[in-house]
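User: I would like to understand how the labels given to parts of this model are justified. Please take me through them by setting values against definitions.

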Amino acid sequence: MLRDITLGQYYQTQSLIHSLDPRVKLGGTLLYIISLFFFRNFSGYMIAALFLGIVIRLSHVPFKFMVKGMKAILFLLLITVAFNLFLTPGEELVSFWKLTITEEGLRSAVTMAVRLTLLIIGSSVMTLTTTPNNLTDGMEKMMKPLKVIRVPVHEVAMIMSIALRFIPILMEETDKIMKAQIARGADFESGNILKRARAMVPLLVPLFISAFRRANDLAMAMEARCYRGGEGRTKMKPLIYRRRDRMGYLFLAVYLAVSISVGRLDVFW
């Protein structure tokens, strides 16, 4: 399960999506996520899925690798679907025991499941095709106007980049600790959900110690290299918009215009 978390990982390959400016991918991901909340019918979601499929195809990242990241949020997805399915009032379809499934609840559950799936996979495309350094540079460039109100843009971008980079590192560390404790007789598989959750508690202390140690090592390494924030720093590879980036923005604009226009129609399909 821990190895199935793809958020924060980078997939090394050559593709058109990999070569795009990180600002295009950051802005595109943000607008894509926002667009998912504007649809009123499934036609909009079908267009969003088609758009995402084209982007995945152009990224040369295996689709199985993308879907693998869904396993980590499967439990959350099931809970969300169950709440929408059984707790949404409306016209009754099926009723058993104290549970009632309504037409509105079924529609809401399916919509939420599709929306979350597209949201997670769409976000994974950005991190899988963008290195942490490029991600930091892109976020810093996009947040540059906030410097007017004295927001430490570089530091905020650096924090977000480090957090994304630490996700796969901490998952790997957790996996090592689990294997070490299993070798000493710990049981993480048997019992119900609550019992397995309690069995994970002993992992927290060594995991926190490892995280603090890594954070301390990183801080010492940054100080040893005389890091003092973003003031006066230059870039070895400055971000410059190229023709493919402008085409990327055009492709995104066409998607937004078509998907929101179709998705806002007052019909179910």
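The exchange below goes through pairing, surface and salt-bridge labels in turn.

Analyst: This is a predicted model, in which local features need pLDDT of at least 70 and side-chain atom pairs count only at pLDDT 80 or more, while totals for chains, interfaces and linings use all residues. Residues are numbered from 1 along each chain as its sequence is written, and side-chain values use heavy atoms, with hydrogens and water left out.

User: What makes β1 and β2 a pair of strands?

Analyst: Strands are DSSP runs of E with at least two residues, helices are runs of H or I with at least four, and both are numbered from the N terminus. Two strands pair if DSSP finds at least two bridges between them; β1 (residues 92-96) and β2 (residues 99-102) have four bridges in the antiparallel sense, so the definition is met. One of these bridges joins phenylalanine 96 to leucine 99, and the two strands form a hairpin with two residues between them.

User: Why is aspartate 175 called buried?

Analyst: Buried means under 20% relative accessible area, exposed means over 50%, and partly exposed lies in between (1.4 Å probe, protein chains only). Aspartate 175 has 14% relative accessibility and therefore counts as buried, whereas lysine 179, at 49%, counts as partly exposed.

User: How do you know that aspartate 175 and lysine 179 form a salt bridge?

Analyst: A salt bridge requires a side-chain nitrogen of Lys or Arg within 4 Å of a carboxyl oxygen of Asp or Glu. The closest N and O atoms of aspartate 175 and lysine 179 are 3.5 Å apart, so the pair qualifies. Both residues lie in helix α8, four residues apart, which means that about one helical turn separates them.

User: What makes arginine 214 and glutamate 173 a salt bridge, and which helices hold them?

Analyst: Their closest N and O atoms are 3.1 Å apart, and they form a salt bridge. Arginine 214 lies in helix α10 (residues 204-224) and glutamate 173 in helix α8, so the pair ties together parts that are 41 residues apart in sequence. Glutamate 173 is buried, with a relative accessible area of 13%, while arginine 214, at 32%, is partly exposed.

User: Why is arginine 150 called exposed, and where is it found?

Analyst: Arginine 150 has 77% relative accessibility and therefore counts as exposed. Arginine 150 is placed in the loop between α7 (132-142) and α8 (153-183), and its phi is positive, at about 65°, although it is not a glycine. Most residues other than glycine have a negative phi.
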